[in-house]
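Trainee: Could you take me closely through one part of this assembly, namely the places where its chains meet? I should like the cut-offs stated as you go.

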Amino acid sequence: MIGRAEEDENVAKRDAPVTTRHYLYAYAALIVLASASLGLSLLPVHTGLGVALAIGALKAFIVLAWFMHLVQENFGSKVFMFLAGLLVFTLVLLTALDPLTRAPYPPPPAENTVFRRAAH
Amino acid sequence: MIAVKLEPEPMALPPDYLHAKQGPMSWLTTTDHKRIALMFYGAVLVMFLLGGVFALLFRTELLSPRRDIMDATTYNKLFTWHGIVMVWLFLIPSIPNIFGNFILPLQLGARDLAFPRLNLASFYVYLVGATIVLSGLFAGGTDTGWTFYMPYSENTPVTLFPVVFGIFVVGISSIFTGLNFIATVHMLRAEGMTWRRLPLFTWSIYATSIILVLATPVLGLSLILVGLDHVFHLGVFDPATGGDPVLFQHLFWFYSHPAVYIMILPAMGVISEVVPTFAHRRPSSYAAIALSSLGIAFGGFLAWGHHMFVAGISTLDAGVFGIFSMFVAVFSAIKVFTWVATLYRGDIVFSTPLLYFFGFLFLFVFGGMTGVAVATQSLDVHWHDTYFIVAHFHFIMVGGSLTSFLAAAHYWFPKMFGRLYSERVGLLAASLVFMGFVLTFLPQFLLGNAGMPRRYYSYPAEYQWLHVLSTGGSYLLGSAVLLALGNLALALAYGARSEQNPWEARTFEWLSPSPPPEHNFESPPVIDREPYAFDLSEEQIRARAFPG
Amino acid sequence: MPAPSPAEQFATLERQGATLRFGMWLFLTSELLLFSGFFALYGAYRATYSADFQAALHHNTLAYGSVNTYVLLTSSFTVALSVSAIRRGAGKAASAWLGLSALFGLAFLVIKAAEYGVHIHEGALPGHWYRFREAPTLGGARFYTLYWITTGAHALHVTGGIGVLLWLAWHARRGRYLPEYHPTFEMGTLYWHFVDVMWIFIWPIFYLT
Ligand SMILES: [Cu+2]
C-alpha cells in the first residue's frame with residue numbers, strides 16, 4: 001500500500017517535533033535581532049541597508065524554520081520555498097541592476113533640476 | 001442519451017465518468033477532474049473562437065492601407081482584444097486545464113487531483129475572471145495592446161480597470177490549478193511511480209505548474225498597479241512625478257516571458273507523448289526531455305529583459321538577459337533532437353496527431369531560430385516592434401501551442417469520449433491548419449524585415465501584397481481550425497466506438513477504460529516499469545498493474 | 001470525536017494532512033512572489049533616487065513602525081503557542097492564544113491607521129497628491145508611493161489573517177481539531193506567520209536605513 005507513514009518520505013517527519021521550548025527560543029532570538037537592527041539604525045555610524053536586510057533574512061529564517069515548522073516538513077516544501085526566495089532575489093537584483101547601470105534617464109518635463117540632484 | 005441506452009455497457013464495468021451521474025447539476029457541482037476538464041474544454045474553446053474572430057476582423061481591415069471596415073480606434077481595440085483573449089483566456093489555460101486536468105491523474109495512477117474542490121473553484125474563478133474581462137472589453141475598453149505599456153495605459157481615455165482586474169482574477173485560477181498539479185505530482189503518485197517513471201507529459205505539466213505558481217502573482221501585481229495608476233493616478237510608473245515606466249515592463253515581462261513557456265511546455269509534453277506512440281518506439285532519451293522541461297522552466301525566469309532592449313534599459317542588464325535567453329534555446333533544441341531521434345527507425349503510423357507534430361516541428365524550429373536571432377541586441381534593434389516580432393512569437397508560441405493543442409484534442413479524443421473521429425478529415429484539416437498558419441505569418445516576417453511596424457492601422461502601398469497574402473492565410477487558418485473542431489464535434493455524436501487503446505500507445509493512462517470510470521481505477525494501481533514500456537498484451541498488463 | 005477517514009484520492013490520513021500543508025506552502029510561495037514585485041520596485045527606485053530615499057526614510061514614522069514590528073513578532077509567538085496547545089489536545093487554550101493573537105493583529109492595524117493619519121496630515125501621500133515638504137520632491141514622492149502601496153497590501157493581508165485566526169479560534173473552541181490531525185489549523189497559522197515574515201522585510205527598507 002502507498003502512504004504508510006514510516007516509509008513515506010513525503011509525509012513530514014514528526015518523530016522529533018518542534019516543541020514549546022523551541023518557540024520560546026525562537027521568539028527570544030527574534031526580539032534580540034529586531035532590537036539589534038533598530039539599535040544599529042539609531043547609531044551615528046551608518047551601517048547601511050545590507051546589514052539590516054541580512055538581519056531580516058535571519059529573522060525570516062527563524063520564523064520559517066521553527067514557527068512554521070519548515071525544518072520538519074517534506075523536501076518539496078523546502079525546495080519550493082528556497083526556489084521562491086531565489087526568484088525574489090533574482091527579480092530584485094536584475095530589476096535594480098537596470099537603473100543602477102543605465103545611462104542617465106531623460107529628465108522629466110517638470111522638475112528636472114531636482115532630478116539632476118537625485119541622479120548624481 | 002437515447003443512443004447510449006440502446007447499447008448497454010457490460011455489467012462488469014462501472015459506468016464511465018460521462019454517465020456515472022446524470023443531470024446538469026451533476027456537472028456544475030462535480031469535483032471529478034475529468035468532468036472539470038471538459039467544462040474547461042467548452043469555456044476555453046469559446047474564448048478561442050472569439051479571439052479568432054477579433055483577429056479575422058482586423059486582418060480584414062488590413063487588406064488595404066485605407067479604411068475598409070473600421071476606424072483606427074476600433075482597430076486598436078480589436079488587436080488588443082485579440083491579444084488579451086488569446087493569451088489569458090485561451091492559450092494559458094488551454095492544454096494544462098483541459099488535457100493536464102484530464103490526463104495527469106490517469107498517468108500518475110491517482111483517483112483524482114490532490115484538491116478536487118480547489119479544481120472546481122479554479123474553473124469558476126476562471127469563468128468569473130473571463131466574464132469581467134469580456135464585459136470590460138465590450139463596454140468599449142482597452143486600446144493599449146495586450147502589454148498595457150506605461151505611460152500610455154495611465155492616460156488612455158478608454159476604461160481599463162475591469163479588464164486588468166479580470167486578468168488578475170483569471171491569474172488566481174492559474175495559481176490554483178498550478179498548485180493543485182504540483183501537489184498531485186508530489187503526493188499522489190501510485191505505488192512504484194517514481195520520479196524517473198513519470199510520463200513526459202506529466203513532467204512538462206509539472207514544470208509548467210511551477211511557472212504558474214511563481215510567475216502569475218507578479219503579473220497580477222503589475223496589472224493592478226496599472227489599473228490604480230489609471231484610475232487614481234497613483235503614479236507608480238508615471239514619469240511626470242519621477243516614475244519609471246520601464247519598471248512596469250520589468251514586472252510585466254517577469255511573468256509574460258515565462259508565460260511563453262506556460263504555453264509551450266505543455267505543448268512539448270503533448271508532442272513527447274504523440275511521437276513515441278505513433279513511432280512505436282520509446283523516447284530516444286527520456287531523461288533529456290524530462291530534465292530539459294525543468295531547465296526551460298528555470299532558465300525562462302531569467303530571460304525577461306530581452307523584451308526591453310530598445311526601452312532604454314542598461315546595456316549590461318540587456319547583455320545578461322540576452323545570454324540567458326539563448327540558454328533557453330539550448331534546452332528547446334535538446335527536445336527537438338530527441339523527438340526527431342525517436343522517429344528514426346520507428347514503425348511510423350501516419351496519423352492526424354503525428355501530422356500536427358510535423359507542423360509543430362517546422363513552426364517551432366523556425367520560430368525558435370528567429371528567437372535566437374532577436375535575442376541578440378544588435379539585431380533586435382532592427383526588428384523590435386515590427387511584424388518580424390509578431391511573426392516570430394506567433395510561430396513559436398501560437399504555432400507551437402495551437403498545433404499541439406489540436407494534436408492533443410485528437411490524440412486523447414478516444415480516451416476522453418470513447419469514440420473515433422474521421423481520420424481523413426483530420427489529416428486534411430491538419431494540413432490546412434499548417435498551410436494557413438504559414439501563409440498568415442511568413443509574409444509577416446518579410447513585412448517586418450522590410451520595416452513595417454506592428455500595430456499600425458495604415459501602411460505604404462508597397463507592403464499591400466504581403467498584407468493581402470497574410471489576410472488570405474488567416475481566412476484559411478480560421479476555416480481549417482473550424483474543420484478540425486467540426487470533425488471532432490461530429491465524432492462526438494456519430495463517431496465509431498473506440499477500443500480502449502486504439503493507437504497501441506504504451507503509456508499508463510491507456511490502461512484504464514476509455515472513457516475512464518468515475519474513479520479512474522477500480523483498485524490502486526502498481527507501476528512496475530518504465531513509462532513507455534507498457535507493451536505487453538492487455539491481459540498481462542492488467543494482471544500486473546491491478547494484482548488481486 | 002473519531003478520526004476522520006481520508007478522502008478517496010489519499011491512501012492515508014497522514015498523507016492527506018501532509019498534502020494539505022504542502023499545498024499551503026505552495027500558496028505561500030505564490031504570495032511571496034506577489035510581494036517581490038514591491039521589493040523589486042523599491043530596489044529599482046532606490047537605485048535611482050538613493051539620496052532622496054534616505055532623506056525620506058529619516059522623516060518616516062520610526063516609532064510607529066518599530067512598535068508594530070514587536071507587536072507582529074509577539075503575535076507570531078502566541079500563534080505558535082496555539083499550535084502547541086492543539087497538539088496537546090487543548091482546544092480551549094488554543095482558541096485563547098489565537099484570540100490574543102488576533103488582538104495583537106488588531107493593535108497592529110490600529111497603530112498602522114494612526115500612522116497613516118500622520119502621513120495624511122503631513123501630506124506624505126502617493127503620486128500626484130504628494131505634498132510633504134520635509135523630504136525631497138521627486139524621490140520623496142517615489143518613496144511614499146511605494147510606502148503606501150506596500151504597507152497597504154500588507155495591511156490587507158493582516159486583515160485577512162485576523163479573519164483566519166478568528167475562524168480557527170472558533171473551530172478550535174468547538175473541538176474541531178484533533179491532536180494528531182489538524183492540517184487546516186496549521187495552514188491558517190502558516191498564513192499568519194507569512195504575513196509576519198513580510199513585515200520583517202518591510203520594516204528595515206521603509207523605516208531603518
Ligand atoms: Cu520573451
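Mentor: Two residues are in contact when heavy atoms lie within 4.5 Å. The model is predicted: local features need pLDDT of at least 70 and side-chain atom pairs count only at pLDDT 80 or more, while totals for chains, interfaces and linings use all residues. Residues are numbered from 1 along each chain as its sequence is written, chains are lettered from A and ligands numbered from 1 in the order in which they are written, and side-chain values use heavy atoms, with hydrogens and water left out.

On this basis, 31 residues of chain C touch 35 residues of chain B. Buried area, the accessible area (1.4 Å probe) that two parts lose on being put together, summed over both, comes to about 2,900 Å² for this pair, 71% of it on carbon and sulfur atoms. Glu8(C), Gln9(C) and His128(C) lose the most area on the chain C side, together 20% of what that side buries. No salt bridge, that is, a side-chain nitrogen of Lys or Arg within 4 Å of a carboxyl oxygen of Asp or Glu, is counted between chain C and chain B.

Against chain A, 54 residues of chain C are in contact with 62 residues. The area buried there is about 4,900 Å², with carbon and sulfur atoms giving 73%. Trp25(C), Phe77(C) and Thr209(C) supply 13% of what chain C buries against chain A, more than any other three residues. One salt bridge is found across this interface: Arg21(C) pairs with Glu73(A), their closest N and O atoms being 2.6 Å apart.

Chains B and C also share a nonpolar surface patch of about 450 Å², made by Phe161(B), Phe165(B), Val231(B), Phe232(B) and Trp129(C). Such a patch joins nonpolar side chains (Val, Leu, Ile, Met, Phe, Trp, Tyr) within 5 Å, or like charges within 9 Å, from residues with over 30% relative accessible area and no salt bridge; the areas come from the Shrake-Rupley method with a 1.4 Å probe, and for residues only the protein chains shown count as cover. Helices α7 (161-187) and α8 (200-232) of chain B each give two or more residues to the patch, helices (H or I, at least four residues) and strands (E, at least two) being DSSP runs numbered from the N terminus. Phe165(B) belongs to α7 of chain B and, at 33% relative accessibility, counts as partly exposed, the class between buried (under 20%) and exposed (over 50%), with a 1.4 Å probe and protein chains only.
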